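Here is a structure to interrogate. Each label put on it should be traceable to a value and a cut-off.

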Amino acid sequence: MDSSVFAFVEDLRGEGVERVLDRISGYGAAGVTVGAVHHAARDITPHGLSRLTVRRDGAHFTPPGDLFSGLRLRPPAGHQDAFDGLREACGERGLRLHGWTVFLRNATLGEAHPDVTVRDCFGDRGSPADLCPAHPDARAYAVALARAVARLGVDSVVAESLHFRPLRAERSFVPLGPMDAYMFGLCFCDYCMRRAADLGVDAEVAREECARILGGVLNGDPPAQGEVTRAALTAYAGPDVVAYARARSETVTTLVSEVASAVGDEGSRLVFADATGGVKGYRDGLPTPGLAAHDAWQLGVDLVALGDLVPAFAVLAYARDAARVADDVGAYLRSVGKDREVRAVLRPGYPDTDSADRLVAKARAAKAAGASAVDFYAYGLMPHPVLDRIPAALSEIR
Ligand SMILES: [Zn+2]
């Protein structure tokens, strides 16, 4: 069974490529998934060069000029030598190398080019990190970025944030229900509205309904009750809002299709990771009830359509419960097709996993449910005693 450990370029720089790869190889992992393009973050890094690590938006390689010349969006420069010799170092240890790529989450680009970011129903562009998948410049950037990472010689390009993202406000003292927050996160930029209109959706009515309902909640109306489902959203906001939300999948499907083709042209393969499982269980490993595969549509992800276009998928199985991991993997396979590769991404420590036995149980559950691979997230974020649970999990599913 295939496997890998996610790692950041800061891990490689801090501890040294040889040492990190030796450790990952020692766990019995088949590969390493290295962050080639990442978003800004401040992370506690228990065994890194610094214990609090500042990451910036950037590409950790030199972007090929032919791919980005003429494009308005170019990736900010990160640690441009991070991949130098990395493939060879992996090869010496028999490790596969995957290029983890964050596509449309980039506040540096968004702040420099606000018009490519999402615009809410009130007309505000308050999410500088969220580049809109419908904007032609963002789409051209994504395709070029995918080619650039594939050209690093990676076995696969692992795509993160290649879809719409949910609303992320840092502070709110207004109680928003899940449906309120969902509507607040919908993009109503000109490109999104035009695409929806082309599909026969009354985009202006959808925008007005979102603004009317959210305006009420911001003015003291009670927030929506219950999780986001198509039925609940129809009852709460009406059919135009639901039709608008569903029309977003065409935007994402066509973008992912272009990116998958570009990656294939460069001799690599795309692994599509949608954020739904992460949204559900990121904070505490206790995901909301709906399975990730069933709720992916909320981010514009149509797994049935993508199953025909993308060779492999990563499901973020951020859950404490092994049975939930199995349920998520199973539902994903039923959506994308049984012959597709589905990889289960597990967190070997807090907040999902409190023992080696629990990690073993989840790896076993993923395999039994039909996963082709297990990936562990992430080297630099987990203490060494936690990472030391990985060998037991991998020997169980070998
Ligand atoms: Zn948009």
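The questions below ask how the labels on this predicted model are justified.

Q: What makes C132, C187, C189 and C192 the donors of the zinc ion?
A: Distance. A donor must be an N, O or S atom within 2.8 Å of this metal. The SG atoms of C132, C187, C189 and C192 sit at 2.2 to 2.3 Å from the zinc ion. They therefore count as donors.

Q: Why is the arrangement around the zinc ion called tetrahedral?
A: Four donors count as tetrahedral if all angles lie between 85 and 135 degrees. Here the donor atoms subtend angles of 96 to 116°. That range is inside the limits, so the arrangement is tetrahedral.

Q: How are the donor residues of the zinc ion spaced in sequence?
A: The pattern is C-x54-C-x1-C-x2-C.

Q: Why can C132 and C192 be said to tie together parts of the chain?
A: C132 is in the loop between α5 (107-112) and α6 (136-150), while C192 is in helix α8 (residues 190-198). These parts are 60 residues apart in sequence, so the pair ties them together.

Q: How do you know whether C132 and C192 are buried or exposed?
A: Buried means under 20% relative accessible area. C132 has 1%, so C132 is buried. C192 has 6%, so C192 is buried too.

Q: Is S127 buried or exposed, and what value decides it?
A: S127 lies in the loop between α5 and α6. Its relative accessibility is 17%. The cut-off is under 20%, so S127 counts as buried. S127 touches T117 and V118, leaving aside residues up to four places away in sequence.

Q: How do you know that the length of α15 agrees with that of a helix?
A: The expected span is 1.5 Å times one less than the number of residues. For the 15 residues of α15 (residues 322-336) that comes to 21 Å. The end C-alpha atoms are 21 Å apart, so the two agree.

Q: What makes α15 mostly covered?
A: The count: 11 of its 15 residues are buried. Among them are A322, V325, Y332 and V336. The buried residues of α15 pack against α12 (276-281), α13 (292-295), α14 (303-307), β9 (312-316), β10 (341-346) and α16 (356-368).

Q: What is found at the start of α15 and just after it?
A: At the start, a side-chain oxygen of D321 comes to within 3.2 Å of the backbone nitrogen of A323. Just after α15, G337 has a positive phi of about 110°.

Q: How does α9 fare in the span test?
A: α9 (residues 203-218) has 16 residues and should span 22 Å. Its end C-alpha atoms are 22 Å apart, so the span agrees. Buried residues of α9 include A203, C210, L214 and V217. The buried residues pack against α7 (178-185), α8, α10 (230-237) and α11 (239-265). Just after α9, G220 takes a positive phi of about 110°.

Q: How many aromatic pairs are there, and why is the F8 and W100 pair called tilted?
A: The count is 12 aromatic pairs. In the F8 and W100 pair, the centres are 5.2 Å apart and the planes 55° apart. Rings pair if their centres lie within 6.5 Å, and planes from 30 to 60 degrees apart count as tilted. Both values fit, so the pair is tilted.

Q: What makes F8 and W100 a link between parts of the chain?
A: F8 is in the loop between β1 (2-7) and α1 (9-15), and W100 is in strand β6 (residues 96-102). The parts are 92 residues apart in sequence, so the pair ties them together. F8 is buried at 2% relative accessible area. W100 is buried at 3%.

Q: Why is the W100 and Y377 pair called edge-to-face?
A: The angle between the planes is 75°, with 5.9 Å centre to centre. Planes over 60 degrees apart count as edge-to-face, so the label holds. Y377 lies in the loop between β11 (373-376) and α17 (384-387), 277 residues in sequence from the part with W100. W100 and Y377 are both buried. Both belong to one aromatic cluster with F6, F8, Y282 and Y318.

Q: How do you know that V158 is buried?
A: V158, in strand β7 (residues 156-160), has 7% relative accessibility, so V158 counts as buried. V158 and T101 are 57 residues apart in sequence, yet 5.8 Å apart C-alpha to C-alpha. Contacts of V158 include T33, H98, W100 and V271.

Definitions and conventions. Residues are numbered from 1 along each chain as its sequence is written. This is a predicted model: local features need pLDDT of at least 70, side-chain atom pairs count only at pLDDT 80 or more; totals for chains, interfaces and linings use all residues. Side-chain values use heavy atoms; hydrogens and water are left out. Donors are N, O and S atoms within 2.8 Å of the metal (3.2 Å for Na, K and Ca); water is not among the atoms, so sites may look incomplete. Four donors count as tetrahedral if all angles lie between 85 and 135 degrees; four count as square planar and six as octahedral if opposite donors are over 155 degrees apart and all others between 65 and 115; anything else is irregular. Helices (H or I, at least four residues) and strands (E, at least two) are DSSP runs, numbered from the N terminus. Buried means under 20% relative accessible area, exposed over 50%, partly exposed in between (1.4 Å probe, protein chains only). Contact means heavy atoms within 4.5 Å. A polar contact is a pair of N or O atoms within 3.5 Å; within protein, one must be able to donate a hydrogen and the other to accept it, and residues adjacent in sequence count only if both atoms are side-chain atoms. Rings of Phe, Tyr and Trp (its six-membered ring) pair if their centres lie within 6.5 Å; planes under 30 degrees apart count as stacked, over 60 as edge-to-face and the rest as tilted.
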